[in-house]
Amino acid sequence: MGIFTLEREQQEGHEAVELLARTKAVVDPALREAVGSMPEAMRRLSGYHFGWWEADGTPSEAGSGKAMRPALVLAAARAVGGDAAGAVRAAAAVELVHNFTLLHDDVIDRDPTRRHRPTAWRVFGATGAILAGDAMHSLALRVLAEDGHPASPAAVRRLADCVVELCEGQQSDCSFEQRSDVSLTECLAMAGAKTGALLGSACAIGALYGGGDEQAANALEAFGREIGLAFQLIDDLIGIWGDPAVTGKPVGADLAARKKSLPVVFALESGTAGGAELAALYGLDRPLTPEELLTAAAAVDRAGGRAWAQSQSCERMANAIGHLADAVDDPSDADELLALAELITRRVS
């Protein structure tokens, strides 16, 4: 596909932002309808989590997520020549699954904030957040199962398989925090399951709803998985060096939690002085001080973790573009998917 010029990157960035806005406009009503069918307590918690209202039920201006995964569903449907309007319920189901994982992740990681305000479990309690997440998962499958689209049964199977893989990835991620011998190979496999699986499933489901065959769906799933890994690599960089004003999380949040993120594991395996310094800090049996968090971040950088993650993100993006050729005959049909992928990998410099 060639190297993107700065002008092309800027154009695709604008296209992606506009696409996300259009996606939210058509998918949010379906989400609100689905969440509105939940029992009152779970509905109130879920609406707070989505940013629609405050804890007391009054309207909120907090705003919800970017709708990246629903946008991939609709863009994939269009890429194979289908009508995205018929895939709106599928896009909503994918977003429900994504938010079920966020509710659970926040509890597991004990994250205090999301999108610049207290996480749902902090406001409503861990039990309420877990149960609302469980209900949201079942709701996603019901939204798909009740859809009259011919691709619905295949989409249900793919999304159900995806959730099992997501859980496997989450379990691995949690277990890594208790181990000192996590390999980069294991970490990449975890990221592929925890992050790549849902992005891949979103693209595959979109392809099926757009009338694509299994070959096209599998190729677009591979595309989604690659951009999922690129996404995770960038997300891991943000977890160390992200601006709290943008992320809504404290500086070095992943380092404070001793997360075995991809740049961290690369650094620990590097055999460098920076890697040894990081290992010593990770081995301390107490919380890291703010100064030590800065030292740990610098150690990851000196050990090559930051540069490696940025390079790997670009490589995964190139792999993703390669998979598009197996699913889309006319390259221009893939413009929306490319714009979304580019937006994912341009979140930090």
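These exercises walk through the fold, the helices, the cavities and the backbone of one predicted model.

Residues are numbered from 1 along each chain as its sequence is written. The model is predicted, so local features need pLDDT of at least 70 and side-chain atom pairs pLDDT 80 or more, while totals for chains, interfaces and linings use all residues; side-chain values use heavy atoms, with hydrogens and water left out.

**Exercise 1. Overall build**

Task: State how many helices and strands the protein has, then compare its radius of gyration with the globule rule.

Solution:
- Start with the elements. The protein has 16 helices and two strands. Helices (H or I, at least four residues) and strands (E, at least two) are DSSP runs, numbered from the N terminus.
- Turn to size. The radius of gyration is 20 Å, close to the 20 Å from the globule rule for 349 residues, so the protein is as compact as a globular protein of that length. The radius is taken over C-alpha atoms, and the rule is 2.2 Å times the number of residues to the power 0.38.
- Add the box. Along the principal axes, the C-alpha atoms fill roughly 55 × 50 × 35 Å.
- Check burial. Of the 349 residues, 52% are buried (under 20% relative accessible area; exposed is over 50%, partly exposed in between; 1.4 Å probe, protein chains only).
- Finish with contacts (heavy atoms within 4.5 Å). Among those between residues at least 6 apart in sequence, 74% join residues at least 24 apart.

**Exercise 2. Two covered helices**

Task: Find how many residues of helix 4 and of helix 16 are buried.

Solution:
- Locate helix 4. It runs over residues 88–109 and has 22 residues.
- Check its span. From first C-alpha to last it reaches 31 Å, close to the 32 Å expected at 1.5 Å a residue. The expected span is 1.5 Å times one less than the number of residues.
- Count burial. In helix 4, 19 of the 22 residues are buried.
- Move to helix 16, residues 335–344. Seven of its 10 residues are buried. They are Leu337, Leu338, Ala339, Leu340, Ala341, Glu342 and Ile344.

**Exercise 3. Cavities**

Task: Count the cavities of 30 Å³ or more and describe their linings.

Solution:
- Fix the terms. On a 1 Å grid over the protein atoms alone, a cavity is a set of points where a 1.4 Å probe fits but cannot get out; lining residues have an atom within 4 Å of a point. Grid points are joined across faces, edges and corners, and volume is the space filled by probe spheres set on the points.
- Count. There are two cavities of 30 Å³ or more.
- Take the largest, at about 100 Å³. Of its 13 lining residues, Tyr48, His49, Arg114, Arg115 and Arg117 are the closest to the centre. Helix 2 gives the largest share of the lining, three residues.
- Sort that lining by class: five nonpolar, four polar and four charged. Ala, Val, Leu, Ile, Met, Phe, Trp, Tyr, Cys and Pro count as nonpolar, Asp, Glu, Lys and Arg as charged, and the others, Gly among them, as polar.
- Take the second largest, at about 60 Å³. Helix 1 (residues 6–36) supplies the largest share of its lining, four residues. The lining includes Lys24, Trp52 and Ala67.

**Exercise 4. Positive phi**

Task: Which phi values do Ala67, His116 and Arg110 take, and where do these residues lie?

Solution:
- Recall the norm. Most residues other than glycine have a negative phi.
- Ala67 has a positive phi of about 70°. It lies in the loop between helix 2 and helix 3. Ala67 is buried, with a relative accessible area of 9%.
- His116 also has a positive phi of about 70°. Its place is the loop between strand 1 and strand 2.
- Arg110 takes a positive phi of about 55°, just after helix 4.

Notes:
1 Å grid on protein atoms, 1.4 Å probe; cavity = no way out; pocket = protein on both sides within 12 Å on 5 of 7 lines; lining within 4 Å.
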